Amino acid sequence: DISELFVEALEELRVPLPSPLEAADCLKRHYAAKVVAGELPPREGARLIVQDVLSKVDHLRPSGAYVGESFGVAQLVGYFYNYDDVSPNDNASISVIDRAIVQECERISVEKTA
């Protein structure tokens with residue numbers, strides 16, 4: 001019931017409801033900006049983008065050569081799964097991955113909507 005009321009209110013206010021892909025692009029940039037601002041740790045921000053956002057819309061976009069390519073996050077996917085290849089005590093490697101994720105999030109946070 002709540003979602004129907006929400007949609008009706010948006011229609012009444014003439015505010016267009018974004019498509020699932022538009023909403024996902026917005027959420028992706030939002031999480032990326034939070035990582036850049038230091039409000040989200042790099043690993044958590046990447047997890048949110050890869051596992052929570054990408055996983056819900058990847059099937060709506062054309063396939064690319066790499067996972068996340070058509071959503072503009074293929075590099076981020078790779079960096080995120082690099083954590084699986086390092087020991088939890090390998091702070092130097094984790095720091096390198098963190099920096100790569102922050103750098104990629106800087107790019108994502110300012111990209112134009114596809």
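Here's a quick briefing on the fold, the charges and a few individual residues of this chain.

The model is a predicted one. The protein chain has 5 helices and 0 strands, and reading from the N terminus the elements go α-α-α-α-α. Buried residues account for 30% of its 114 residues.

**Overall build**

- Laid along its principal axes, the C-alpha trace of the protein chain covers about 55 × 30 × 25 Å.
- The accessible surface of the protein chain adds up to about 7400 Å², and carbon and sulfur atoms own 55% of that.
- If you take the contacts between residues at least 6 apart in sequence, 59% of them link residues at least 24 apart.

**Charges**

- The protein chain carries 11 positive and 19 negative charges, and the mean positions of the two sets sit 5 Å apart.
- Asp1, Glu4, Glu8, Glu11 and Glu12 together make a negative surface patch.
- One member of that patch, Glu4, belongs to helix 1, which runs over residues 2-12.
- Glutamate 4 has a relative accessible area of 51%, so it counts as exposed, the cut-off being over 50%.

**Helix 1 and what comes after**

- Helix 1 has hardly any cover: of its 11 residues, the buried count is 1.
- Just past the end of helix 1, arginine 14 adopts a positive phi of about 60°.
- Valine 15 lies in the loop that links helix 1 to helix 2, the latter being residues 20-36.
- With a relative accessibility of 40%, valine 15 is classed as partly exposed, because that class lies between the buried limit of under 20% and the exposed limit of over 50%.
- Valine 15 and valine 77 are 62 residues apart along the chain, and their C-alpha atoms are 33 Å from each other.

**A buried glutamate in helix 5**

- Glutamate 104 sits in helix 5, which spans residues 91-110.
- Is glutamate 104 buried or exposed? Its relative accessibility is 11%, so glutamate 104 goes down as buried, given that the label needs under 20%.
- Which residues is glutamate 104 in contact with, leaving aside its neighbours within four places in sequence? They are Gly72, Gln75, Leu76 and Tyr79.
- For a side-by-side look at two glutamates, set Glu104, buried at 11%, against Glu4, exposed at 51%.

How values were computed:
Residues are numbered from 1 along each chain as its sequence is written. This is a predicted model: local features need pLDDT of at least 70, side-chain atom pairs count only at pLDDT 80 or more; totals for chains, interfaces and linings use all residues. Side-chain values use heavy atoms; hydrogens and water are left out. Patches are made of residues with over 30% relative accessible area and no salt bridge: like charges are joined within 9 Å, nonpolar side chains (Val, Leu, Ile, Met, Phe, Trp, Tyr) within 5 Å. Accessible areas come from the Shrake-Rupley method with a 1.4 Å probe; for residues, only the protein chains shown count as cover. A salt bridge is a side-chain nitrogen of Lys or Arg within 4 Å of a carboxyl oxygen of Asp or Glu. Lys and Arg count as positive and Asp and Glu as negative; His and the chain ends are not counted. The place of a charge is taken as NZ of Lys, CZ of Arg, CG of Asp or CD of Glu. Helices (H or I, at least four residues) and strands (E, at least two) are DSSP runs, numbered from the N terminus. Buried means under 20% relative accessible area, exposed over 50%, partly exposed in between (1.4 Å probe, protein chains only). Contact means heavy atoms within 4.5 Å.
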